[in-house]
Every structure is written in structure tokens, then in C-alpha cells.
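Hi,

Here's the structure I promised to pass on. Have a look at it first, then read my notes below.

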Amino acid sequence: MEVYVDVKNLSFYRADRAIYKDITLQIPKGKITAVMGPSGVGKTTLLRLIGGQIAPHSGSVTVAGLDMSRASRKELFDARRKMGMLFQSGALFSDMSVFENVALPLQEHTEFDDVMIRDIVLMKLQSVGLRGAAHLMPAELSGGMARRAALARAIALDPDLVMYDEPFAGQDPISKGVLVELIKRLNHAANITSVLVSHDVEDSLSIADHVCLLSDGRVILSGTADEIRQSKDPRVVQFLQGHADGPVGFHYPAQDYDKQLLGMN
Amino acid sequence: MKTLYSAIYRHIETVGQAGVFLFQAICRLPVRYDEALKLYFRQIYSVGVLSLIIIIVSGAFIGMVLALQGYSILTRYGSESAVGQLLSLTLLRELGPVVTGLLFAGRAGSALTAEIGLMKTTEQLSSYEMMGIDPLRRVVAPRFLAGVTCMPILAVIFSAVGIWAGMLVSVHWLGVYEGSFWSSMQQSVYFDTDVMNGVIKSLVFAVAVVWIAVYQGYICQPTSEGIGRATTRTVVLGSLAILGLDFLLTAAMFGDF
């Protein structure tokens, strides 16, 4: 298995809180890797670490052989040209139309003429079902449409690595189905490495070749979708079945509930 | 004492970081010059053209008030013909650059901070970074350059409108002889010392205000409260910077040392 993203002994803190405690995980090249875990476990942070937007406090993140935490600014920007990222909010540029949003990376990083760029943008928008919305401004799009337009922008340069941050959130069943198919098709047709951060257990497991389950700042299980489904680890079972009670705490650490209600310290 | 030292150290550190930020923003060359020009002119419109109304209206009222006040004082000494001189020197040397700077900080500076802050909050700046596009080059540089270009022009417009409005009040309302109004101005205003010093002042104010505005937007906490605080800081720090710099520049330009 050829590794595209290699995370080694990574620790990362926000203030005094440890988000990651010495984690090690590998993302295979040309596969779809789903990173799953409870809210607040640091899944989006992991994508930012992979993209080099933040640096780990210790350990390393290597993407296609480049150590992102030690790379120069120029190396980082060059590496990011081969990456696409779908942000949770879409993050479309609000002063540009959908067409201009998708065209921007092509205008910045290629020598293509306007006709070629127009054709590529229309093809990317067609693949996400938004060719007819090319002229609209981001403020005129629904949340789901904005996410799909952002996906078209993320894949505009045909990147080697695409990171999806909650791609299915807020999508109607039809759009979700199309996105699931699109991610699968992109991955297999263009041999793209995909990292998918999602809470949507069934849809993620249905397309993931490899799954990493995070909890409490550690990787609790890493394997294929079937291995995850068959796991007897109570933390995995609780997450997959959505139980409130279990080893993974639902409540943020707090003092005793009864004592607090009664005003006792 | 230790707290005071650490506060001073933090402020010096912030100024240093802001300096590096500005240097990085303006030293990165555009990838495509046609696109860079488009972004620059878009900002000229939003920072400069959209500020014209407030500058023209304020200039007119300040010119009229100056004419009224000047006339009421000068007429006691029989020197009402010097109203033109008073108006032009006050506007060109002081009020033009300073009031334009204060209005610019409130109108355009706060808008720049809020816009960049909102881009940060909605992950648009992160999105540029992840696309391999430097947000300093794409977002900050055109706004900074447009602001620095627009403010001296706005200050000249402010002074011209103020002089014209003051002339209307003093000549057509208060009855000052028009010939002496213009001739007193012509005799006492010098292009090098009065007009150009005013332009230089407004250029320095522009650098200070726009630098503060873009930096505050870029480093703000990505929340609605954070944007509000950053916008307030831009107006307060920008205004104080203008007043402080005005004293230093006036002392250097007109002080007899």
C-alpha cells in the first residue's frame, strides 16, 4: 500500500487542551479514507494539519513526501496546488459569481486561455449539477448548493488529494446521493486520494476504502469499512450505533449535576 | 512594573508583526497583472468613489462654518478681506488632511476591517491559502494600495470643496469683495509649503489608517464579536494615529526650530 499522507507521532494542543496525543495514521494513495469521530474530536483540525495551515506541536505530517510543518511558505503553496479542500461552510468568495469562484484556481495556476477555462469550469459545474447556476452569486445559493459549488472549485485543478470536511451536512437525499457517487467516481476515475471527514456513518462507510476512527485525541481503530462494522470495541459500537451511554462521554466535563442545581459547590 | 514591561513588549511585538505583514503584502508581485489591476480598480471604487459623498458634504459644511467664524472674528479688526487666506491655509494645511483622514477611518477603514474580518470568519482567507493563492497578495495588497492612492485625492477634493463653499458664504452671503477674497488667497498660499505639505500629510495618514484597517481585519477573532472589536479598534487607533502624526508632521513642516 502506497502511503500519500503520513502522520507520525503527532501532538497538537489548543491552549492547554490536547486535541491529539501522539497519534500515528496513514492515508493510502488513490483510496477514499474516512476520518470519523465524535464532534469536537479534531477532525477538521486534522485536515488543517494535513494542509499545512497549522503546525503540530510535535511529530510530523508528510504529504507526498513533503513534511508540511517544516516546508517553506513557497513549498507549502506549491504543494497546495495539488490539493483541493471542501470547507464545511463552502467558503465561496462572496464577491465572485459561482463561475468566477470555480475559474479562479485555473486563472491563477494555469496558462489556459479564457475559452479553455470556460469549458473546464462548465464541465466541473455540470458534474455537481450547477451548470445552470454559474451566473449566481454565493448569497443566492442554498447551503447545499454552495457546498456543491465549492466542491466544483476544489476539483477545478484535478488535484491529487481532495479533503472533504462534512460534505454531506445539509444536503437533501438527492444531492447527497449525487455527492456520494461523485466522490466515488472522482476517486476511481482520476485516482485521486480522498480524505473524508464526516458524521454520516452509513454514507461514509459505503464509499470508504479505509476508515480511521478518532476519540479522545487518539486513533481508536483503523481499517476497512467491514473491519469497523465488525469491531467489538465498545467505543466503536457506541459511535456506529449512536448510543448516548457508553465509554465516549456525551457531556462536556462538569461538576455534579444535582449539586449544581442545588447550588452546592 | 513587570506587567507594564510585558504590556510594552506586547505592543512593540504587535507593531513588528504588523510591519512584517505589510511588507509581505506589498512586496509580493502579482501573478497576472491584468487581474491585479482589476482588483486594484475595484477597490478604488469601493474605498475611494464610495467615500466621495461624505467627503464632499463634510468639506462643504466645514468650509461654510469656517467662513462664518472667520468673518465674525476678522470683521472686528476690519480684515474681512483676509477670509480667503484664513480658509485656504486652514483647509490645505490642517483640516483637509486631518478631517479627511478621520472620515476615511470611519467610512472606509471600518469597512475594510469588517470585510477582511468577515472573509476570515467565513473561511474565505483559509480557502485562498488552501488553493495555493496568497491572501496577502490577493486580498490585502489591492486594498492597501487603493486606500493609499485615494486618500490624498479625497483630501484635495475636501479642501477644494471647502474653499468653494466658504467663498459662497463669505462673498455671496456676507458680502466680502470677491476680488480681495481670491487675491488674499493667491498672495498667501504657496504650492510647495501649503498644498504639497497637505498632500504629504494625507499620504502619511493614509498609510497609517489603511495599514491599521487591513491588519486589524486580518488578525481579528473570527466571530461577530471579534469583528466588532476589530472595527472599533480600527476607528479608534486610526483616529489617534492621525492626530498624533499630525502634530509631528506639523512640527516638522511648519515649526520654526
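How many residues of chain A are in contact with chain B, and how many of chain B with chain A? There are 25 residues on the chain A side and 20 on the chain B side. Before you go further, keep in mind that this is a predicted model.

**Where the chains meet**

The size of an interface is often given as the accessible area lost when the parts come together. For chain A and chain B, about 2,100 Å² is buried between them, and 49% of that is on carbon and sulfur atoms. You'll also find five salt bridges between chain A and chain B. If you want one to zoom in on, try B:R137 and A:E108: their side chains form a salt bridge at 3.1 Å, N to O. On top of that, 12 residue pairs in polar contact are counted between the two chains.

Which parts of chain A supply the side that touches chain B? α2 (73-80), β6 (83-86) and α3 (98-109) of chain A each give at least two residues. The largest share comes from α3(A), with five residues.

**One methionine to click on**

Now find A:M85, which sits in strand β6 of chain A. Is A:M85 buried or exposed? Its relative accessibility is 7%, so A:M85 counts as buried, given that the cut-off for buried is under 20%. Leaving out its neighbours within four places in sequence, A:M85 is in contact with A:L47, A:A154 and A:M163, and also with B:M130 from the other chain. A:M163 is a nice one to trace: it lies 78 residues from A:M85 along the chain, yet their C-alpha atoms are separated by 4.7 Å.

**Chain B on its own**

Chain B has nine helices and zero strands. Its C-alpha trace spans about 70 × 50 × 35 Å along the principal axes. Of the 257 residues in chain B, 47% are buried. Looking at contacts in chain B with a separation of 6 or more, 83% are between residues 24 or more positions apart. Chain B exposes about 12,600 Å², with carbon and sulfur atoms supplying 70% of it.

Last stop is the start of chain B. B:M1, B:L4, B:Y5, B:I8 and B:I12 form a nonpolar patch on the surface, with about 580 Å² of accessible area together. B:M1 is in the segment before α1 (2-27) of chain B. With a relative accessible area of 67%, B:M1 is exposed.

Have fun exploring!

How values were computed. Residues numbered from 1 in each chain as written. Chains lettered and ligands numbered in written order. Predicted model: local features only at pLDDT ≥ 70, side-chain atom pairs only at ≥ 80, totals over all residues. Heavy atoms only, no water. Patch = residues over 30% accessible without salt bridge, like charges linked within 9 Å, V, L, I, M, F, W, Y side chains within 5 Å. Areas by Shrake-Rupley, 256 points an atom, 1.4 Å probe, with all protein chains shown as cover. Salt bridge = Lys/Arg side-chain N within 4 Å of Asp/Glu carboxyl O. Helix = DSSP H or I, 4+ residues; strand = E, 2+ residues; numbered from the N terminus. Buried < 20%, exposed > 50% of the residue type's maximum accessible area, 1.4 Å probe, protein only. Contact = heavy atoms within 4.5 Å. Buried area = accessible area lost by both parts, 1.4 Å probe. Polar contact = N/O pair within 3.5 Å; in protein donor to acceptor, adjacent residues only side chain to side chain.
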